[in-house]
Structures are given as structure tokens and as C-alpha cells.
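Trainee: I should like to discuss how the secondary-structure elements are arranged. May we begin with the terms?

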Amino acid sequence: MSRSRICLVFVTLTLLFVASAFADDVVVLTEENFDKEVGQDRGALVEFYAPWCGHCKKLAPEYETLGASFKKAKSVVIAKVDCDEHKSVCSKYGVSGYPTIQWFPKGSLEPKKYEGARNAEALAEYVNTEAGTNVKIASAPSNVVVLTPENFEEIVLDENKDVLVEFYAPWCGHCKNLAPVYEKVAAAFKLDQHVVIANVDADKYKDIGEKFGVSGFPTLKFFPKNNKAGEEYDGGRDLNEFVTFINEKCGTSRDPKGQLTSKAGIVEALDTLVKEFIAASSDDKKAVYKRLEEEADKLTGPTARYGKIYVKAAKSCMDKGSDYAKNEVLRLERILAKSISAAKGDEFTLKKNILSTFASDQ
């Protein structure tokens, strides 16, 4: 099988894995399956939405929480339909604005429009009343560190940590809108031990807010290792912009789903030596390897780990031949296409990225 064919197969498998791994618990309805899922032997709560709708985007995390909570409820289905793509379905049920939420009783295609609050708790209460269920909202574990006067200095002023802090108030509408995004930011960087995503109730702990000049909510401040006075965060408040900011400030290489990017583990100074190593004759490789080893020993912090992988890769290339790096990259890609833990995913991605520099010119 050609290398291009192998890459195509790998990409296909990866996309299938990602699609299943990140599939939510809300049933996606289409023109083809609507009548098969709705109006049958289960009651159905259906959100009619449009991908460009701002209110729909705000509802999305709440609705996903609702879907996860009712996942095991056999008498209820939580579903959604994209009205941009399936206009005839939405027109049939009189949808004229987004999001529109309707309840379809068991065995009926005559809906009742939901007029209540658009949060998971209110929606769950409504579904429980209509369906006769008693489902509680599933609370996902949070990766956001909660700060108090007792732990603020210990966490935020730790010179080994880069800390992003949200100063919020429980009654603040903008804070509530930011909360699901902020949770995703924390989840994306949960494996980076030197990065902390935290928040503090600055309405309850006013002294902390006043100390750092907080006059409105939410206020976001970044406390890098080298500046514990804090810096104003004035970037955007969507997930991609937060992730870009953290990567630039903290030297991390994450995507919005928390997976390492192709840049993770790459050290420019060592990459230059790798090019020399690849181009060197068999007799000269040992000398370049020695220099690579010396440069790797100079690295500190997280990059020291990367240096060890470079050195080990170079040693294996000398011992096992020129095809070692290429074959090992393909093996790691096959492993990464499977369902593995996030920590293992990081480990194998770092090795794959660094080994790819040894395989790039082969």
C-alpha cells in the first residue's frame, strides 16, 4: 500500500473516531428520520435551531447537558433539527424563529411549544412534568479551580504556574454566558500542569476584587510565572480566542478540544540539528548526535522532556536504520486513531511529532 493511501486511510479512521468520541447525547433529526424518532413510543423534546443563531449557540451547552441527563431515560428523547438544512420539517411545525423548542407527547405529532427558561434545570423540570419522569441534571466535573481567600495566594502567586483568573459575580448575566466556554477552556488545558484556569466570586470576596482593581464582571486577569501583579486579559471570549491566548502566553500547543497540535514538542534549536543528522553520513551521524544530546541537556521545564524524546529518536535511527522514524510514525498514527486515554494521547502525539522531523526528508 502506498504512503498516500496509508495517510488517506489514517485520516478517514481518525475522522470516524473523532466523530464518535465527541458525539453528544442529543439525537440529530433530519427529514428522513424525524417521524421515526418523534411521535413513536417516547415523548420528544425537539429544538429547532439554525447554526448561525446566537441564542442557539448560548443554548447549546445547556441542551447538551439536558441530553446527557436524559440519556438513560427510555421514555424520553432529547433531539434537535437544523432548520437551515431541513427547512421542510421546520416549516411543517410552524417554526418562525430560533431556537424554537417543542414537546411531542408519546405517540403524537401534535407539539406543545415550550415557553420556559432556556437552561438545563428548567428544561429538565418541564420534561419531567410532561413525561412523568424524575431525572436530575447531570453535573459534569469541573476543571476550573475555585479560588477563595484561603487558597488564592497559594495558587495564583505560585511562580511555577501560569494562571488565568475570572473575577465574577453569581448574579452577572455575562458571567453566566461565559461559564460554559470557560469550562471548555479549563478542560482543554487540564493536562498541562503549569497552566491553571481559575475563578473567584468577587462579589462574595470583595477584598480580592478590590485588591486587583476589579470594577465590573466578569473581569479576566492573567498571572504568568514572571508577573504576579497580573495582566488584563482583553482578548475575545470564545473558546478559540482563549486557547490561542493560552498557547501564546504559556508555550502550550493545544487545540480547542484539548488535543495536542502538530507543533507540540517541537524545539527549533533541536530541529536544526535533526536536519544535520539526517543529511550526515553514517560516520558523521555520531558527532551530530553528540551535539544533539548536549543541546537537549540544556533544556529546562517542559521542554526538557521533549529533548529526551529527540535524543532517544536519534539513537534509535542510528541503531535501527533510516526507515525507523517513518515506520514508527505510522505505528503511532494507528494507535492514535484508536480510543485511548488523554494522557496516552499526549504521550504518543509528542513522540509522533518529534519522530516526524526525523522522517521528513526520508
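Mentor: Two strands pair if DSSP finds at least two bridges between them. Strands (E, at least two residues) and helices (H or I, at least four) are DSSP runs, numbered from the N terminus. The model is predicted: local features need pLDDT of at least 70, side-chain atom pairs count only at pLDDT 80 or more, and totals for chains, interfaces and linings use all residues. Residues are numbered from 1 along each chain as its sequence is written, and side-chain values use heavy atoms, leaving out hydrogens and water.

Trainee: In what order do the five strands lie in the open sheet?

Mentor: The pairing in this sheet is mixed. At its edges, β1 (27-29) and β5 (112-113) each pair on one side only. The order is β1-β3-β2-β4-β5.

Trainee: Which residue in β4 stands opposite A44?

Mentor: Strand β2 (residues 43-49) pairs with β4 (residues 100-104) in the antiparallel sense, over five bridges. Opposite A44 in β4 stands F104.

Trainee: What angle does the direction of helix α5 make with that of β4?

Mentor: Helix α5 (residues 120-131) packs on the sheet and touches β2, β3, β4 and β5. Contact means heavy atoms within 4.5 Å, and angles run from 0 to 180 degrees between N-to-C directions, with axes fitted to C-alpha atoms, for helices over the stretch in contact. The angle is about 20°.

Trainee: Are α11 and α12 roughly parallel or roughly antiparallel?

Mentor: The axes of α11 (residues 282-297) and α12 (residues 302-320) come within 9 Å and cross at roughly 165°. Angles under 35 degrees count as roughly parallel, over 145 as roughly antiparallel, 65 to 115 as roughly perpendicular and the rest as oblique. The crossing angle therefore makes α11, relative to α12, roughly antiparallel.
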